[in-house]
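Biologist: I should like a close look at a single part of this model, with the surroundings described and each criterion stated. Please begin with the residue I ask about and work outwards.

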Amino acid sequence: MTVVAQRMRQVKLSPSVAARIVLNRLREEGRRIIDLTIGEPDFDTPAHIRRAAVEAMERGETRYPLSQGTMPLRQAVADRLILDTGVSYPVDQIIVSTGAKQVLYNALMSSLETGDEVIIPAPYWVSYPDMVELAGGTPVVLSTDATRRYKIDPQALARAITPKTKWLMMNAPSNPSGAVYDEAELLALAEVLRANPNVWVMTDDIYARLTFNGRPAPHILQVAPDLAERILVVNGVSKAYAMTGWRIGYGAGPKDLIKAMAVVQSQSTSGACSISQAAALAALTGPQDCVAAFATSFQKRRDAALAILSTAPGLQAVSPDGGFYIFPDCTALIGKTAPDGTVINSDAELVQYILKETGVALLDGGSYGVPGTFRLSFASAIDDVREGCEAIRAVCSALSE
Ligand SMILES: Cc1ncc(COP(=O)(O)O)c(C=O)c1O
């Protein structure tokens with residue numbers, strides 16, 4: 001007999017959390033680990049944002065905030081969303097939650113009927129399928145192809161849609177592939193969505209401010225504003241402002257959906273931390289040069305990593321256009337043998353072998369829905385990124401038929 005509910009059978013611990021547990025154990029045993037699994041910027045939250053939090057505490061902003069988010073923060077989100085999506089949202093169509101993660105969860109909880117299908121393009125952020133399962137929905141994984149830089153093929157999307165489809169999850173730049181869509185690609189997807197008025201879209205834009213070569217990630221709302229009534233925009237301050245621990249995300253979308261999400265939130269966590277909301281307000285309304293500086297730093301690390309990985313035998317790495325992950329294909333290495341006789345049978349075994357041999361920690365691509373790949377995060381010091389990639393190249397070079 002177990003106290004644990006039936007629905008938990010389908011739900012796994014997030015692989016990045018599981019990896020952290022293993023890495024902590026190895027560190028306690030005295031191993032030196034180069035951790036390239038990290039899903040957060042290694043920068044400190046900028047000083048002016050930290051100061052705003054202290055000032056909020058001193059002012060006494062320490063009581064329950066409005067459950068849907070403080071008015072000044074929701075107004076700042078509205079102002080930001082005009083820049084990011086071209087759409088002007090009134091504050092009652094905006095919700096502030098405990099991270100973008102809670103926005104996604106609230107949305108799925110308040111919209112899915114049992115058996116509703118949610119199309120999740122692979123590779124996907126590991127939490128999407130589990131969140132859909134928890135909310136009683138059915139994840140429908142839509143494969144994408146490395147030759148299309150892991151972007152959704154509009155025809156494949158059209159084929160995946162059924163009368164039960166409720167949502168399409170979109171995430172660009174993608175965790176883990178770093179794929180960003182251009183306007184023409186977004187328009188082609190918008191055409192499919194226009195032809196299927198039963199499908200709603202969640203755009204997870206959490207990495208949208210971290211793009212490379214000064215090229216922004218266009219938003220589907222900019223090319224198809226007519227879809228606004230079916231789109232939930234999800235974003236937050238975690239990645240762009242190095243504020244992962246503050247736990248502030250936001251969503252904007254149709255009024256009845258946001259209202260239902262606010263009810264879920266009011267009956268679970270209530271409003272997000274009042275002090276963090278004051279800090280997020282400073283992030284969105286204060287100087288924005290920190291975001292560009294973070295993106296520039298990530299681009300340098302991406303380039304350093306790719307320069308090494310592109311010469312690693314058996315790896316094919318698409319250059320990401322944003323975010324802080326590289327998602328190399330390693331299928332050519334599956335079935336090969338290491339000098340100690342270990343046969344590498346899968347991406348998970350490759351990742352385990354690299355960790356054992358070199359102390360470099362990566363995440364297997366199977367967890368992201370694409371076996372035969374792995375995810376490397378370059379949100380670590382550039383010297384660690386270089387050293388880690390050199391070690392990966394050495395392992396690849398030493399594998400034989
Ligand atoms: C694609 C994606 N969406 C959402 C989140 C969660 O963001 P937050 O920290 O705001 O909850 C993450 C965090 O890793 C992510 O990678």
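Where is the place of arginine 301?

Modeller: Arginine 301 has its place in helix 11, which spans 289-309; helices (H or I, at least four residues) and strands (E, at least two) are DSSP runs numbered from the N terminus. The model is predicted, and local features need pLDDT of at least 70, side-chain atom pairs count only at pLDDT 80 or more, and totals for chains, interfaces and linings use all residues. Residues are numbered from 1 along each chain as its sequence is written, and side-chain values use heavy atoms, with hydrogens and water left out.

Arginine 301 counts as buried because its relative accessibility is 6%; buried means under 20% relative accessible area, exposed over 50% and partly exposed in between (1.4 Å probe, protein chains only). Its side chain is joined to that of aspartate 42 by a polar contact of 3.0 Å. Such a contact is a pair of N or O atoms within 3.5 Å; within protein, one must be able to donate a hydrogen and the other to accept it, and residues adjacent in sequence count only if both atoms are side-chain atoms. Leaving aside residues up to four places away in sequence, arginine 301 touches Asp42, Phe43, Phe378, Ala379, Ser380, Ala381, Ile382 and Val385, where contact means heavy atoms within 4.5 Å.

Two of these neighbours, Phe43 and Phe378, lead to the aromatic residues. Ring pairs link Phe43, Tyr207, Phe212, Phe294, Phe298, Phe324, Tyr325 and Phe378 into a cluster. Rings of Phe, Tyr and Trp (its six-membered ring) pair if their centres lie within 6.5 Å, and planes under 30 degrees apart count as stacked, over 60 as edge-to-face and the rest as tilted. The structure holds 12 aromatic pairs. The rings of tyrosine 207 and tyrosine 325 form an edge-to-face pair, because their planes stand at 80°, with the centres 5.6 Å apart. Tyrosine 207 is in the loop between strand 6 and helix 8, and tyrosine 325 is in strand 9 (residues 325-326), so this pair ties together parts that are 118 residues apart in sequence. Both rings belong to buried residues: tyrosine 207 has a relative accessible area of 3%, and tyrosine 325 has a relative accessibility of 1%.

Phenylalanine 212 and phenylalanine 378 form a tilted pair, 6.4 Å centre to centre with 45° between the planes. This pair also links distant parts of the chain, since phenylalanine 212 lies in the loop between strand 6 and helix 8, and phenylalanine 378 in the loop between strand 12 (374-377) and helix 13 (382-398), 166 residues apart. Phenylalanine 212 is buried at 2% relative accessibility, and phenylalanine 378, which arginine 301 touches, is buried at 0%.

Helix 11 also contributes to an open space. The second largest pocket is lined by 36 residues, of which Ala208, Arg209, Thr211, Pro216 and Ala217 lie nearest its centre. Among the elements that give two or more residues to this lining are helix 11 (289-309), strand 6 (200-204) and helix 8 (220-223). On a 1 Å grid over the protein atoms alone, a pocket is an open set of points where a 1.4 Å probe fits, with protein on both sides within 12 Å along at least five of seven lines; lining residues have an atom within 4 Å of a point.
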